[in-house]
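Subject: Structure handover, with notes on the sheet, cavities and pockets

Hi,

Here is the structure I promised to pass on to you. Please have it open while you read the notes below.

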Amino acid sequence: MASILDVSNLGIKFGGLQALDDFNVQVGDREIVGLIGPNGAGKTTVFNLLTNVYSPSRGGVRLKGHDTLGKATHKVTHYGIARTFQNIRLFKSLSVLDNVKIALHNSMRYSLLEACFRFPSYWRQEATATNTAMELLSVFEMEGLAESPAGSLPYGAQRRLEIARALATNPKVLLLDEPAAGMNPSETAELMRTIHEVRDRFGVAIILIEHDMSIVMGICERILVLNYGLIIAQGTPEEIRNNPLVIEAYLGAQREE
């Protein structure tokens, strides 16, 4: 499988604390990779480094041959990395449609003058953006909610909207940070189907942080396990399920009788 994202020797310190050390991964085109570990293991730190929210102490990140380190976060998005967050970050007073259209700003080419005076070029591009946003909402069966305030949606629908907004940036790699958090079992099952559909329909690679092991084991093709900022295991779901280091990290070492 051709590699689309190459991360080498990534590390970061916060003061004297080594929060992440020697993190290496190559993600293949359209691959679904799980990133798991106990609370505080460094999972969200990885996402913050990949999107340049944090600047690493060392290491490199290349996306389709582009070196993304040192680039502004919006530039990283332009190169093709999009993400969602543990805590939903929608514009809750805006409509569902406008939340998705906001992510399409990179595709807008009209000037401030054209926008102020509503030139034909403005209306053409706005119509294109609206159509694109509606197509994305239809993937998540949310087109009927387009004019609803984002903050009025049920929790699971807000999660789906956040994924739709991330996809509007046309990513090559999609980072999902605990997308099933707070979902009930039926919403979780629907999310699993949606993630597969997103991968197949949009041709993106997906890196998933999740504590729900039924999701991780059910949809991920490869899993990396972090503990105290280090990768302690990686492999297929079956290999990870039976790895003694992973069992110890989650459950603690068994006492000797």
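What follows is a short tour of the fold, then the enclosed cavities, then the open pockets.

Please keep in mind that this is a predicted model.

The overall picture first. The protein chain contains 10 helices and 10 strands. Its radius of gyration is 20 Å, close to the 18 Å that the globule rule gives for 257 residues, so the chain is as compact as a globular protein of that length. If you want the extents for a figure, the C-alpha trace spans about 75 × 40 × 35 Å along its principal axes.

Next, the sheet near the start of the sequence numbering is worth a look. Four strands form an open sheet in the order S2-S1-S4-S5, and their pairing is antiparallel. S2 and strand S5 (66-67) are the edge strands, each pairing on one side only. Strand S1 (residues 3-14) is joined to S2 by 8 bridges in the antiparallel sense. To find your way into that pairing, start at Val7, whose bridge partner in S2 is Val25. Helix H1 lies across S1, S2 and strand S4 (58-63), and runs at about 115 degrees to S1.

That region leads straight to the cavities. There are 2 of them with a volume of 30 Å³ or more. The largest cavity has a volume of about 50 Å³. Strand S2 (17-28), strand S3 (32-36) and helix H1 (43-50) each supply at least two residues of its lining. Val25, the partner of Val7 in the sheet, is one of the lining residues. The others are Phe23, Val27, Val33, Gly34, Leu35, Val46, Phe47, Leu50, Ile207 and Leu224. By class, this lining has 10 nonpolar residues, 1 polar residue and no charged ones.

The second largest cavity, at about 40 Å³, has a lining made up of Thr84, Arg159, Glu162, Ile163, Pro179, Met183 and Leu191. Here the class count is 4 nonpolar, 1 polar and 2 charged. Helix H6 (residues 155-167) gives the most to this lining, with 3 residues.

Now for the pockets. H6 turns up again in the largest pocket: H6, helix H2 (73-79) and strand S6 (81-83) each contribute at least two residues to the lining. This pocket has a volume of about 430 Å³. Its lining comprises 20 residues, and those nearest the centre are Thr77, Arg83, Ala103, Arg165 and Thr169. Sorted by class, the lining has 8 nonpolar, 8 polar and 4 charged residues.

The second largest pocket has a volume of about 250 Å³. Of its 17 lining residues, Leu104, Asn106, Ser107, Ala168 and Asn170 are the closest to the centre. H2 and helix H5 (120-139) are the elements that give two or more residues to this lining, and H5 provides the largest share, 4 residues. The class count is 6 nonpolar, 10 polar and 1 charged.

If you would like a route through the model, you could begin at Val7 and Val25 in the sheet, go on to the lining of the largest cavity, and then use H6 to move from the second largest cavity to the largest pocket. From there, H2 takes you on to the second largest pocket.

Happy to talk any of this through once you have had a look.

Best wishes

Definitions and conventions
Residues are numbered from 1 along each chain as its sequence is written. This is a predicted model: local features need pLDDT of at least 70, side-chain atom pairs count only at pLDDT 80 or more; totals for chains, interfaces and linings use all residues. Side-chain values use heavy atoms; hydrogens and water are left out. On a 1 Å grid over the protein atoms alone, a cavity is a set of points where a 1.4 Å probe fits but cannot get out, and a pocket is an open set with protein on both sides within 12 Å along at least five of seven lines; lining residues have an atom within 4 Å of a point. Grid points are joined across faces, edges and corners, and a volume is the space filled by probe spheres set on the points. Ala, Val, Leu, Ile, Met, Phe, Trp, Tyr, Cys and Pro count as nonpolar, Asp, Glu, Lys and Arg as charged, and the others, Gly among them, as polar. Two strands pair if DSSP finds at least two bridges between them. Contact means heavy atoms within 4.5 Å. Axes are lines fitted to C-alpha atoms, for helices over the stretch in contact, and angles run from 0 to 180 degrees between N-to-C directions. The radius of gyration is taken over C-alpha atoms; the globule rule is 2.2 Å times the number of residues to the power 0.38.
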